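Colleague: Please take a close look at a single part of this model and walk me through it. Keep it plain enough for a first-year student.

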Amino acid sequence: MNAIAKLKKPFDALTESVVDQYAINFWIQKLNPLWSVNQPLGKIVHKEVTATDTISLKIQVNRLFKFGEAGQHHPVYVVVNGIRYERSYSLTQLDDQHVLLTVKKVNKGKISNWFANTAKTGDIIEFGQPFGDMTLPQDASPLLLLAAGSGITPMLSLLTELNKQNGFNRPVQLWYWVKNNQDAAFVARFQQIADKHADFSFKVFATQAEQPAERINASYLDNTQNLEQTTVYACGPSGFVSTVEEICSAAKAVKTEAFSMSLVDQSEIGFVNIILTKTNKTVTIPKGQSILSSLEQQNIKPNHGCRMGICNKCACNKVEGSTKNLVNGAQNAEPGNLLKICVNSAQTDLVIDL
Ligand code: FES
């Protein structure tokens with residue numbers, strides 16, 4: 001063994017111990033709060049309002065931060081009133097040290113309100129590993145990007161990456177639904193891209209403007225050519241996303257992500273029993289409600305991350321029983337299936353490996 005390897009071993013052993021990692025972080029962060037032996041961290045270096053109730057934070061990240069691919073999400077951990085919360089956000093890489101995090105303030109949203117009202121330059125934020133498959137396709141198929149509300153953030157990330165890669169060698173359209181025109185974020189940025197690339201165009205549809213635009217529906221696709229060769233991306237509330245899946249079923253590929261989904265399906269009434277094989281418990285939960293939320297209401301705390309059906313952290317094996325996806329309504333009665341409990345409800349008694 002060479003001398004460096006010998007020296008490295010005791011240091012690795014020291015930094016691999018969780019207790020020692022906390023101790024080392026404690027001391028080195030007194031010198032620089034971004035330093036850590038094990039945590040991907042970021043420091044807010046700039047904060048600005050980018051649209052009504054929408055703020056963007058420029059964040060300097062440390063060397064442990066993994067950028068991931070454009071269009072993916074990162075878990076973001078913040079401590080509010082002494083409690084640590086996890087949320088998922090789509091970040092845009094600005095350069096090799098900075099990312100842009102954009103947050104839309106939602107009514108009663110503890111974390112979005114913290115970002116909008118309390119977070120300030122110098123604050124440190126912890127990140128997790130990137131996840132999600134709403135990334136750019138390998139081929140050069142035309143792209144149709146559909147966003148509603150804060151669903152615009154992964155689209156900004158995809159467009160930024162296309163711009164960087166000279167990837168506008170195909171038609172790229174962005175359609176963006178907001179309530180009012182002043183709710184639309186990054187319009188100047190989209191205009192800049194449109195000015196530079198003839199193949200890129202964007203439209204903003206304001207559904208509560210004086211002359212309101214229609215919500216997304218099939219008529220928007222009437223003049224769309226080559227839908228069969230087009231890759232469609234959609235991000236927005238669950239109703240928006242499920243409409244896109246329905247009306248774009250003829251597209252070459254459809255990649256969607258939903259947020260702020262209704263975790264309750266009012267059409268389902270009654271209760272079912274769930275057997276949890278690993279913890280050897282049987283619990284009764286309401287039909288039509290996210291299995292994750294139902295278990296949490298019973299003080300059972302399954303592992304989870306995004307609560308949006310993207311990160312797979314909550315996925316477990318379903319041994320038997322029938323479930324319904326709360327985003328797209330798909331039912332699944334197959335035994336031995338991977339089940340994301342954050343976005344599925346139980347329709348019958350279930351046995352799951354939890
Ligand atoms: S918590 Fe991320 S997929 Fe369920």
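Modeller: What follows is about one strand, E5, and the strands it pairs with. This is a predicted model, in which local features need pLDDT of at least 70 and side-chain atom pairs count only at pLDDT 80 or more, while totals for chains, interfaces and linings use all residues. Residues are numbered from 1 along each chain as its sequence is written. Helices (H or I, at least four residues) and strands (E, at least two) are DSSP runs, numbered from the N terminus.

Strand E5 covers residues 98–104, and 6 of its 7 residues are buried. A residue is buried if 20 or more other C-beta atoms lie within 10 Å of its own, exposed if 12 or fewer, and partly exposed in between; the C-beta atoms are placed from the backbone. E5 is thus described as mostly covered.

Now the partners. Two strands pair if DSSP finds at least two bridges between them. Strand E2, residues 54–61, runs antiparallel to E5, and 7 bridges join the two. Within that pairing, Thr54 stands opposite Lys104 of E5.

Strand E4, residues 83–93, also pairs with E5 in the antiparallel sense, over 3 bridges. Here Gln93 has Val99 of E5 as its bridge partner. E4 and E5 form a hairpin, with 4 residues between them.

To put the pieces together: E5 is joined to E2 by 7 bridges, and to E4 by 3 bridges.
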